[in-house]
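Here is a quick walk through a protein fold, written for someone who would rather look at the model than at a spreadsheet. Have the sequence and the structure open side by side.

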Amino acid sequence: MSRWRDIVQSLGAQPGYTLMRGVARFRSVRYAVGRSRSVLHGSRLRACLADCEARLKQSVFADIDRVDFVRRLREDGVAFGLKLPPEITREILDHAAQSPCHADRRPGNGFRLADRAQAEARLGKPILVAQYFNAATQSPAVARLLADPLLRWIAASYLESVPTFVGANLWWTFPVQASEEDRDRHAHLFHRDVDDFRFFKFFFYLTDVEPGDGAHVCVVASHRRPPMLRMGDRWNIRRYTDAEVAQSYPADQVVEVCGPAGTGFAENTLCVHKGLTPTREARLLLQLQYALFDYGVMHDQRDPAALQMIA
Ligand SMILES: O=C(O)CCC(=O)C(=O)O
Ligand SMILES: [Fe+2]
């Protein structure tokens, strides 16, 4: 009953997004919408790719075989090998040190990194996730990545459409004893995202991520084969236990992505994935998401007047 109430509420608040999630869980629908959009965009897509190619020299990413990158993203659902220049990593880290982040991604829960203990005392619980809002407008380095011709080329080529940038998200994951509720809420349990008919995300680590530092975990090639353990699992959108994932895929397909600060990759998060809860160091992650349509639910733009501090 409450599931239906949630759906009705969500239909009222975000009708386009809710309807998309209802139908985009079916592979045939994803395919049909993706292909139609691609045909519609034909000449505009070619112009977009040509424009990116003409500007490729301005990219901050060197030595990327972009065609191979997109091929791997298509086949494996994930493609590795991006590397941020150290000055961009440094600039985003500086922005993170100076600007307020927001516990549980709530605009009312602002605090500066140095005041995390006070913020936890105010909230009466450990903070697992804290997000910066308005990253692209507040950090010129993030804005520069959004304009990067290589990233845009990859997005256009992978989506086979003029890409719609649907949101930047910059957030910390802290090494704390988090509640199961917070771990679930913040995607630390395996799941698949149905964010559009076609979509993907760039991930950039701004801190070194070694085992214990909250790595992103992805099941390679699972975008084409969800776990099928319960009735309707082909379409269900749900959380999976580690045991269910271990039971469904060979161990070498479950990849814990580690790497030094600056490490970047792209993933279609229709793949089964999760963030690990750090046990050693905090992780700062920048995510840039591209899709066919913008439902207005992924972005980090908040009215500055609504941002409040708790510490
Ligand atoms: O924190 C992570 O690595 C996982 C985030 C996630 O689930 C997502 O970006 O879709
Ligand atoms: Fe996710």
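Ala79 stands opposite Ala266 in strand E9. The two strands involved, E1 and E9 (residues 263-267), run antiparallel and are joined by 5 bridges. For the vocabulary: helices (H or I, at least four residues) and strands (E, at least two) are DSSP runs, numbered from the N terminus, and two strands pair if DSSP finds at least two bridges between them.

Before going further, a word on the model itself. It is predicted, so local features need pLDDT of at least 70 and side-chain atom pairs count only at pLDDT 80 or more, while totals for chains, interfaces and linings use all residues. Residues are numbered from 1 along each chain as its sequence is written, chains are lettered from A and ligands numbered from 1 in the order in which they are written, and side-chain values use heavy atoms, leaving out hydrogens and water.

**The sheets**

E1 and E9 belong to an open sheet of 8 strands, with antiparallel pairing and the order E1-E9-E6-E11-E5-E4-E2-E3. Strand E1 (78-83) and strand E3 (110-111) are the edge strands; each has a single partner strand, so one side of each has no neighbour in the sheet. Helix H4 packs on this sheet, where it touches E1, strand E6 (199-205) and E9 (contact means heavy atoms within 4.5 Å). The direction of H4 makes about 145° with that of E1; axes are lines fitted to C-alpha atoms, for helices over the stretch in contact, and angles run from 0 to 180 degrees between N-to-C directions.

There is also an open sheet of 3 strands, again antiparallel, in the order E8-E7-E10. Here strand E8 (254-257) and strand E10 (273-275) sit at the edges with a single partner strand each, so one side of each is left free of a sheet neighbour. From one strand to the next, the twist averages 15°. Strand E7 (residues 216-219) pairs with E8 over 4 bridges, and Val219 has Val254 as its bridge partner in E8.

**An enclosed helix**

Why is helix H9 described as largely enclosed by the rest of the structure? Because 10 of its 11 residues are buried (under 20% relative accessible area; exposed is over 50%, partly exposed in between, with a 1.4 Å probe and protein chains only). Among the buried ones are Trp153, Ile154 and Tyr158. Their cover includes H3, H4, E1, helix H8 (140-146), E6 and strand E11 (283-291).

**Two unusual backbones**

Most residues other than glycine have a negative phi. Here are two residues that are not glycine and have a positive one.

| Residue | Phi | Loop between | Relative accessible area |
|---|---|---|---|
| Asp63 | about 55° | helix H3 (27-54) and helix H4 (66-76) | 80%, exposed |
| Glu160 | near 55° | helix H9 (149-159) and strand E5 (164-173) | 27%, partly exposed |

**On the surface**

Val23, Phe26 and Trp235 make a nonpolar surface patch of about 240 Å². Trp235 comes from the loop between E7 and helix H11 (242-248), and its relative accessible area of 37% makes it partly exposed.

Gly22 lies in helix H2 (residues 15-23) and is partly exposed too, at 34% relative accessible area. The C-alpha atoms of Gly22 and Arg55 are separated by 39 Å, with their positions 33 residues apart along the chain.

How values were computed
Patches are made of residues with over 30% relative accessible area and no salt bridge: like charges are joined within 9 Å, nonpolar side chains (Val, Leu, Ile, Met, Phe, Trp, Tyr) within 5 Å. Accessible areas come from the Shrake-Rupley method with a 1.4 Å probe; for residues, only the protein chains shown count as cover. A salt bridge is a side-chain nitrogen of Lys or Arg within 4 Å of a carboxyl oxygen of Asp or Glu.
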